[in-house]
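Q: Can you walk me through this one? I'd like the overall build, then the interesting spots.

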Amino acid sequence: MSLTEGDLTINDGKLAEVLWIFAIVLIIAFSIIGNLTLCFAVFKHQTLRKPCFYILCNSAVADCIRAGVIFPVVILSLWSGKWVYGKFLCDMLAFFNIYLYYGVLYTTLFLSVERYLVVRFHRFHRQKLTGLACLLAILFAWALAIATAFPPILNPNAYDYSPAEYQCTFKREGYANGVSETGYYAVFFVSDNLLILLFYLRVFMFMRTHRKMRPIQFVPAISGSWTFYGPGSTGQAATNWFLGYRQNAAPPPLVAPVPPTNRAHLALSNHNFPMEERFSKMFFLIAIINALLWTPYMIHCAGIAFKIMEVPNVYITNFTWLTFLQTCVSPLICVCAMPEVRMFCCACTRKIPSTEQELHQVTS
């Protein structure tokens, strides 16, 4: 018996659904395992217990919740082909989906501000940005996320199920009476990422400027009779004269030491410079990849809000799946860029020492 074109189309559609489900199951597994591993590695290793990694753990927890709560419902709606769970659950899931992502976005913005403070105002960062300050910054980021995602809740028709995305989200509507949630979310996305790019640009410009400075040239003190005067003197000869160790009738001249002509305003010490530069590059890469994965989806939203273009459903589905991949970015980049995280992963898989102290105990 030969198959008709309709049967082949149905079979191809079922195969595509199975592949999509398999892909999102992999995303869920990698996101939950990877983000939890990243959090455990940060709290286990002493070198990673820094404000920047505490802020990154906040993003990792949000991605883990989004992958464990939102994505399984996407699998159910993909398998059933429609939304059958009611309007209330649709609104709640859409709210939490937007809330969790914008919480991660605002946290990434605060992380870029923290990177700027650590290289430009290192002493202020070390003294003021303690655990309580990090907690307040994280809470403020989530307060901004609530302010971004909550207003559509007041509108009963703001959220709806999107068949092309297999999830509940805000309605794709153009501006009507000067109001469009789709346009507002696109504007928030663009403005936040521009601010993130601006802060990292300032960070790398500052590092590049201070990396190319000449070394300090010390000016020696001048001495004809062990009095040591001139630009390099410290006043010790005059102190000795007043204490009774006198060689002349008059005390030697007091000349204030000349401050260094360069590197006087260097905020970050040479010892911490390579490490902070490595951390800044890694966090900047995370922010760029997150923005790139969400850009096609936001371009689609902006095109509908401003009535510029219409995107076919198959591309909308692909754009939505790219946003799902965003939950896997942080652990993947940290594993590739951080030896401490790789050491912790090896300790979990091979049961080898995960810290330098344990490694020394085993070898001794």
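**Overall build and surface**

A: Sure. This is a predicted model. About 20,600 Å² of the chain is accessible surface, and 68% of that belongs to carbon and sulfur atoms.

Q: How many helices and strands does the chain have?

A: Twelve helices and two strands.

Q: What pattern does the chain follow along the sequence?

A: It reads α-α-α-α-α-β-β-α-α-α-α-α-α-α.

Q: What share of the residues is buried?

A: The chain has 364 residues, and 42% of them are buried.

Q: And how much of the contact count comes from residues 24 or more positions apart?

A: They account for 74% of the contacts with a separation of 6 or more.

Q: Back to the surface. Which residues make the nonpolar patch?

A: Tyr184, Val187, Phe188, Ile299, Phe306, Ile308 and Met309. The patch covers about 650 Å².

Q: Which helix gives the most to that patch?

A: Helix α6, residues 181-211, gives the most, with three residues.

Q: Where is Ile308 found?

A: In the loop between α8 (273-305) and α9 (313-325).

Q: Is Ile308 buried or exposed?

A: Exposed, because its relative accessibility is 65% and the cut-off for exposed is over 50%.

Q: Salt bridges next. How many are there?

A: The count comes to four. One of them joins the side chains of Lys87 and Asp91, at 3.5 Å from N to O.

Q: Where do Lys87 and Asp91 lie?

A: Both are in helix α3. They are four residues apart, about one turn of the helix.

Q: How accessible is Lys87?

A: Lys87 is partly exposed, with a relative accessible area of 41%. Its partner Asp91 counts as buried, at 15%.

Q: Why does 15% make Asp91 buried?

A: Because buried means under 20% relative accessible area, and Asp91 is at 15%.

Q: What about Glu114? Which residue does it form a salt bridge with?

A: Arg115. The closest N and O atoms are 3.0 Å apart. Glu114 and Arg115 are both buried.

Q: Which other side chain meets Arg115 in a salt bridge?

A: Glu276, at 2.8 Å from N to O. Arg115 lies in helix α3 and Glu276 in helix α8, so the pair ties together parts 161 residues apart in sequence. Both Arg115 and Glu276 are buried.

Q: Which residues are linked in a network here?

A: Glu114, Arg115 and Glu276, through salt bridges.

Q: Pockets now. What is the volume of the second largest one?

A: About 240 Å³. It is lined by 17 residues, and the closest to its centre are Lys50, Pro51, His125, Arg126 and Glu276. Glu276 also takes part in the salt-bridge network.

Q: Which helices each supply at least two residues of that lining?

A: α2 (51-80), α3 (87-120), α4 (122-128), α5 (131-149) and α8.

Q: How many cavities of 30 Å³ or more does the structure hold?

A: Four. The largest cavity has about 110 Å³ of space. It is lined by 13 residues, and Asn97, Ile98, Phe170, Trp294 and Tyr297 are the closest to its centre.

Q: Which element gives the most to the lining of the largest cavity?

A: α3, with four residues. α3, β2 (167-170) and α8 each supply at least two residues of that lining.

Q: Anything on Asn290? Where is its place?

A: In helix α8. Asn290 is buried, with a relative accessible area of 8%.

Q: Which residues does Asn290 touch, not counting those up to four places away in sequence?

A: Gln326 and Val329.

Q: Last one: Gly34. Which helix holds it?

A: Helix α1, residues 5-44. Gly34 is buried too, with a relative accessible area of 14%.

Q: How far apart are Gly34 and Thr327?

A: In sequence, 293 residues. In space, 9.4 Å from C-alpha to C-alpha.

Definitions and conventions. Residues numbered from 1 in each chain as written. Predicted model: local features only at pLDDT ≥ 70, side-chain atom pairs only at ≥ 80, totals over all residues. Heavy atoms only, no water. Buried < 20%, exposed > 50% of the residue type's maximum accessible area, 1.4 Å probe, protein only. Contact = heavy atoms within 4.5 Å. Areas by Shrake-Rupley, 256 points an atom, 1.4 Å probe, with all protein chains shown as cover. Patch = residues over 30% accessible without salt bridge, like charges linked within 9 Å, V, L, I, M, F, W, Y side chains within 5 Å. 1 Å grid on protein atoms, 1.4 Å probe; cavity = no way out; pocket = protein on both sides within 12 Å on 5 of 7 lines; lining within 4 Å. Points joined across faces, edges and corners; volume = space filled by probe spheres on them.
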